[in-house]
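Work through the exercises below with the sequence and the structure side by side. Try each task before reading its solution.

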Number of protein chains: 2
Amino acid sequence: MNAHAKPQPQTVTTGPIRGSRKVYAAPEGRPDIQIPFREITLTDPNEAPVRVYDTSGPYTDESAAIDLARGLPAVREAWVAARGHETIPGRAVRPEDNGNVSADALVAPCPAERTLRRGREGQFVTQMEFARAGIVTDEMIYVAHRENLGRAAMLAEAQARIADGESFGADIPPFITPEFVRDEVARGRAIIPANINHVELEPMAIGRNFLVKINANIGNSAVTSGAAEEVEKLVWATRWGADTVMDLSTGRNIHNIRSWILRNSPVPIGTVPIYQALEKVGGDPVKLDWEVFRDTLIEQAEQGVDYFTIHAGVRLPYIPLTARRVTGIVSRGGSIMARWCLAHHKESFLYERFDEICDIMRAYDVSFSLGDGLRPGSLADANDAAQFAELETLGELTKIAWAKGCQVMIEGPGHVPMHKIKVNMEKQLRECGEAPFYTLGPLTTDIAPGYDHITSAIGAAQIGWYGTAMLCYVTPKEHLGLPNRDDVKTGVITYKIAAHAADLAKGHPAAQLRDDALSRARFDFRWEDQFNLSLDPDTARAYHDETLPKDAHKVAHFCSMCGPKFCSMKITQDLRAEVQAMGDEERAALEGMARKSEEFLEGGGKLYI
Amino acid sequence: MNAHAKPQPQTVTTGPIRGSRKVYAAPEGRPDIQIPFREITLTDPNEAPVRVYDTSGPYTDESAAIDLARGLPAVREAWVAARGHETIPGRAVRPEDNGNVSADALVAPCPAERTLRRGREGQFVTQMEFARAGIVTDEMIYVAHRENLGRAAMLAEAQARIADGESFGADIPPFITPEFVRDEVARGRAIIPANINHVELEPMAIGRNFLVKINANIGNSAVTSGAAEEVEKLVWATRWGADTVMDLSTGRNIHNIRSWILRNSPVPIGTVPIYQALEKVGGDPVKLDWEVFRDTLIEQAEQGVDYFTIHAGVRLPYIPLTARRVTGIVSRGGSIMARWCLAHHKESFLYERFDEICDIMRAYDVSFSLGDGLRPGSLADANDAAQFAELETLGELTKIAWAKGCQVMIEGPGHVPMHKIKVNMEKQLRECGEAPFYTLGPLTTDIAPGYDHITSAIGAAQIGWYGTAMLCYVTPKEHLGLPNRDDVKTGVITYKIAAHAADLAKGHPAAQLRDDALSRARFDFRWEDQFNLSLDPDTARAYHDETLPKDAHKVAHFCSMCGPKFCSMKITQDLRAEVQAMGDEERAALEGMARKSEEFLEGGGKLYI
C-alpha cells in the first residue's frame, strides 16, 4: 500500500426498500444462524406480512452501521474457523496486480482485517466434499431456511402446487431440509459458491431444485472508476435482487478494488481470471502462459472470490469450427484463448492444466463456472458445431472437477431463437450430469439493440423454466455501451421477472404467494400495498403519481387508466355487493346456475341453452 | 358541427425513420396496387438494402403531403366502388354521440369527404364472402405481396427455414400467393379487417400463417385529449410498428375524434362499442339496452371502424363462476355486461341478439373481435371455469358469425403463468375452429407493476409462437396510469420483439434476414448499419453516444463495453487474419482438425484426445 493512496469515500445506498423492513430468523436450536428476509407489511390488518427472499445484505438494515473500511460482519468466520484450515500469510501483492498503476493513482486496498486460510490436502474444504461425506454444513442449514420462505405454513398445499407446475424433470421438494441441500450438493446438482476466505457471505444455493437465481455484472473498465463506485454498483445491484455479482473489471487498481468489493459483499462474487492475467502480460493474448494464469488464480482465491469463469472448453480443434460463423467468437475469454491456441498452434493450457486448476480451486472452495467461450453471438450461429463441441468438453471437465471435490456450474448461451432453446437445456443436463446451468439470456432476436434486456428476458424465462439455475442479466446497453445506474436496476428487475416467471411455471410451492397478495391488494384498491409488494415499489408509485399524485388517490377505487366509470374491478365489487344484498331465494337460484355451469364444464359437453 | 367548434392543430410526426426510406412495389400487372415498405440502406456496398414490413403509412414518406383535414389518400376507393354497394346518406349525428358536450367544447368532425356505403343483402360484402366464392380481392393481392418481403429471392431456402422452425401445426407457405390468402380467409383462419367505409386503409392480414401482428391501444379518457392529439398517438404507434390500433376512448367528443382517427389511419381501427353505448346512457351499465347498442354499432360501422370487440360470451350463468376469483372480472366490457345481466337477471342481449349483430357488421365488413370479458386478471384466476366457459361460447358464436359471412378473431388472456399458456392456445384453436387468436400478453407474473410490458412480452412471445395471430401490447404504465408518448413507444417496440421472436421460432422463411444483416453489421463494426437495422435506431444510437459520442467511434473496432483490448470480435478478426496469412500446409492442417471435430460431432461419439 502506498502512503499517497487515494482515500475512498463511503457513499453507498443504505436503508430499507420502501414499505418493508429487514427481519432475521434463526433455525431451531441455532440462534447463531441469523437468516435475513425482507418483510413487507400490508395496510389491511387481515393480510399477513409477506416475507421475501433478500439478497441486499446489511445495507437495507436500518440498524446496521456500515463502514466500508471495516467490511461487513464476518457471518461465516466461526463456521470456517472451526474447520481447522491452514492459516497462511498470503501471496504478496505485486505492482502488476494493480496494472502497474503509478503511486499517485493507486487506490488503497480495503484495510479490513481477516484471517487468510487455505484448505489442506486430505481435509474437507469444499461444500461438495462435506456433502459427499454426509456432513451438513452451516452453509447448508442457512440455505435451506433461506429458500423455504412461506413453505412451513403451507405444507398441505405445497404438494398440490408442485403437481400443478411443470418442472421438466426437476425434483422440487414441498419443504427444503438441510439434508436435502446436502444431497443436492453431493450429487453436483446444486452449488453453494462460498470461498473460505469470503466470510462476509450470506450463503445461497444455485441449482434447479432451488429458486432460480440471477447474476449482475459490474466492473470498471479502461476508463476507470474508483473502489467506492464499484462497491456502490454491487450494493445497488443486490438491493434490487442480484443473487451473485460478477466483477468483470479490466482496468487499473483491479486487485485493490476487488478487496473492497469482497470485504463488502453479502453475495457470492465471480470473476474471469483470464482478464487480469491478460492485463499482467500487457494485453496481448499471445503472451499469456500457465504461470501468470496460475498466479492470478491464487491471488484471487486468497482474496475470497467465490467462483471463477474458466474457459477450458475452448480447444484448439474447435476454433476452425467458428470460421464460417456470422459473428465469430463473442466471448471475451473465449476469443483470448482461441487467439492463444492458434498463435501457438497448441492445445489450450486451461484444458491441459485442468487438474492443477482444480487443485488450486479446491483448496479455497472456489466454484467452477465453466465458461462457454464459443457461445453463439447471433441467431445464425445458435446451436452450431462449435458451441456443442465445447459443451461436450465442459461435460468431460465437470466430471474431472467433481472427482477432485470441486463445485461446478456451466455457462450457456447467448443468442438463440425460442425453438432452439430447449435442446440447449436438455443437452447441458445430459452432458454435464445435471450440474447447474448458468445462462446469458438467451437473446431471442438480434434486431433490438437498446432493448436486449427484453429480447433476452423472453429467452431467460423459458430456459429458467426448463431448468437453468441462474440467469445472467442483460441490460438495455448490451452491445452498445457501459450500463449506468438506471440500466443496472432495469437489468436486475427484468431478470427478477424472468426468474420469478420460471419459478411459478416450475411449481415452486411458495412462489405464487406474493403474486396472490399483490392481486388481492389490486382488487381491493390498496394502492400502497400494491406498490410495496411489487419488485420496484419506487417506480410503481412514481408511475401512479404521474396522473394521480394526491394521497387520496392511493385509496381511490379507480385509476387513471379507465377512470371511475369504467373501472372493471369497481363494477365487479358493485356486482358482488348486489349478490350480497339479494334475498335467499334469488341467491340460491344464482348458485344453482353456477353449479350447472361447472357441471357442464366438467362434463366437457355441449352448451345448454 | 358547430361554428364555434375548436380548430384542430396539425402536428403529427412525419418523415422517415432514421436510416431508411419509404419505397413502393406493385404486383406484376397491377400498377394500381402500390404496397409500401421501409427500405434500410446499408453502408457496405456488398450488402443489399433490407426491406422491412411498414405499418406507418404515408407519414414516413418524405414526398407525402399530409393534411389531416383531407385525410389520407383513399387507396381502396376504386376497389370498393367497383363492388356496387349501396350509397347511403348515413345516420345523423346526435348530441349524445359526442357525450352531449357543450357547444364551446365541441371538437369539429374531420371535414374529409368520402362516399358512405353499405352492402346490400345477397351481395358479397365481406372478404370472407368473396373468399368463399373463390374471388381474390384486391385486398388479398395487397396482403400477399406485403407479407412476402424477401421470400421471392430465397425460394430454394424457404422450405428449409420452415422445416427448421417449430410452428405447432401452422401451415406457413414458402411463398404467399393471393390464392393462399383467399383460402386462409375462406376457411376463417385469417381475417383482413377492412370496413368498406375505411378506404384509407392499407390492407393487412391477421392469421397464424402470416407474420404475427401487434395492436396498440389509444384513446382519450374522462380527462380528455383533443383530436390532433389522438391522431398523433395513432401516427406515433404505427410509426414504430403497430399493425392495428384500438381506439378505447370513453370521454367526450368521442364521435368526432373518431372521424379524425379513421380518415387519417393507414391501419385497421378497432373499438369496443359498448364503451360509447355506456356513455350514451349516462355511465350506468344497468340502463344499457339493445337499441342504444345497435345504434352505436351502426354509427361506428358507418364511420369505418374495422373491427368491434363484442363481449357476447359473458353469459348470465357464468357470472357466479367468478365469485371466488381473486380479481373478479377485469375486462371493462365484461364487467359492464355482467352487471347488466345480474341486475336484470337476464341473459346478455349481446348473446341473444348475436344474429342481428352479425347482420349489421356484415353489411360494412366490420370484423368481430369476440371479447374475453371473463379473462383472468391474476395468476390465481388463470384458466378457471369462468374463462373457459366463455371461450367455449366464443367458439359457438364464431360458427354463427361465419355462417353469416362475417370475419372473426377471438380475444384471449390476460394473466397466465408460463406453464398454463399453451393449453389456452390449444383450446382456442379447437373451440374456435382456428379463427385467429388475439391475446393481451399474457402477463406471466403479477408482481411487477411498472414493468408489465416485460412480464407480458415473455408470455406474448410464447403464445405468438404457439399460434396467436395478433398480440395486444401492454405498456409500462399498465395497472398504474395512462401511458404517455414514451410508454406507447416502449410498448410497441417490446411487442415487435415478442412478435418477431415468435416469427423466428415458427420458421417464417424471411424472418431471420434482418437479424442476419444486423449481426453481420455488428461483427464488421458497421455501427451505423447496426443502429439503422434495429427496431429503434434512435435509442440504439443514443445509447452508443452516451459513452462514445464522436463520429469516429461509429467506425471504431470496439465499443465502451469491453474497450479495444477486450473486444472479442476484434480478436476474432485478428484470428481470421492470422489464418489468412498462414502457409498452405499450416492451413490444411487446421482444416483437417475442423473436419475431424465435425465428424466427431456428427458421430455423436466420445471426445478424442
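**Exercise 1: a helix and its surroundings**

The buried residues of helix 14 of chain B pack against helix 13 (385-403), strand 13 (408-412), strand 14 (437-440) and helix 15 (452-466) of chain B. Helices (H or I, at least four residues) and strands (E, at least two) are DSSP runs numbered from the N terminus, and buried means under 20% relative accessible area, exposed over 50% and partly exposed in between, with a 1.4 Å probe and protein chains only. This is a predicted model, in which local features need pLDDT of at least 70 and side-chain atom pairs count only at pLDDT 80 or more, while totals for chains, interfaces and linings use all residues. Residues are numbered from 1 along each chain as its sequence is written, chains are lettered from A and ligands numbered from 1 in the order in which they are written, and side-chain values use heavy atoms, with hydrogens and water left out.

Task: find which residues of helix 14 of chain B are buried, and what follows the helix.

Solution. Step one is to go through residues 421-431 of chain B, where Ile421(B), Asn424(B), Met425(B), Lys427(B), Gln428(B) and Leu429(B) are buried. Step two is to recall that an α-helix has 3.6 residues a turn, so residues three or four places apart point the same way. Step three is to look past the helix, which is followed by Gly433(B), with a positive phi near 55°.

**Exercise 2: the place of a tryptophan**

Task: decide whether Trp79(A) is buried or exposed, and list what Trp79(A) is in contact with.

Solution. Begin with helix 1 of chain A (residues 77-81), in which Trp79(A) is found. Because its relative accessibility is 6%, Trp79(A) counts as buried. Then take contact to mean heavy atoms within 4.5 Å; leaving aside neighbours within four places in sequence, Trp79(A) is in contact with Arg30(A), Asp32(A), Ile33(A), Asp138(A), Glu139(A), Tyr142(A) and Pro203(A).

**Exercise 3: salt bridges within chain B**

Task: say which parts of chain B are tied together by the pair Arg117(B) and Glu77(B).

Solution. First apply the rule that a salt bridge is a side-chain nitrogen of Lys or Arg within 4 Å of a carboxyl oxygen of Asp or Glu; Arg117(B) and Glu77(B) satisfy it at 2.5 Å, N to O. Next, Arg117(B) lies in strand 5 (residues 117-118) and Glu77(B) in helix 1 (residues 77-81) of chain B, so the pair ties together parts that are 40 residues apart in sequence. Finally compare accessibility: Arg117(B) is buried at 6%, whereas Glu77(B) is partly exposed at 22%.

A further pair is Glu299(B) and Arg258(B), whose closest N and O atoms are 3.9 Å apart in a salt bridge. Glu299(B) belongs to helix 9 (residues 290-303) and Arg258(B) to helix 7 (residues 254-263) of chain B, so this pair ties together parts that are 41 residues apart in sequence. Both Glu299(B) and Arg258(B) are buried.

**Exercise 4: where the chains meet**

Task: describe how chain A and chain B touch, from the residues in contact to a single salt bridge.

Solution. Start with the residues, since 133 of chain A are in contact with 133 of chain B. Chain A and chain B bury about 11200 Å² between them, 67% of it on carbon and sulfur atoms; buried area is the accessible area (1.4 Å probe) that two parts lose on being put together, summed over both. Between chain A and chain B there are six salt bridges. Lastly, Arg339(B) forms a salt bridge with Glu578(A), with the closest N and O atoms 2.4 Å apart.
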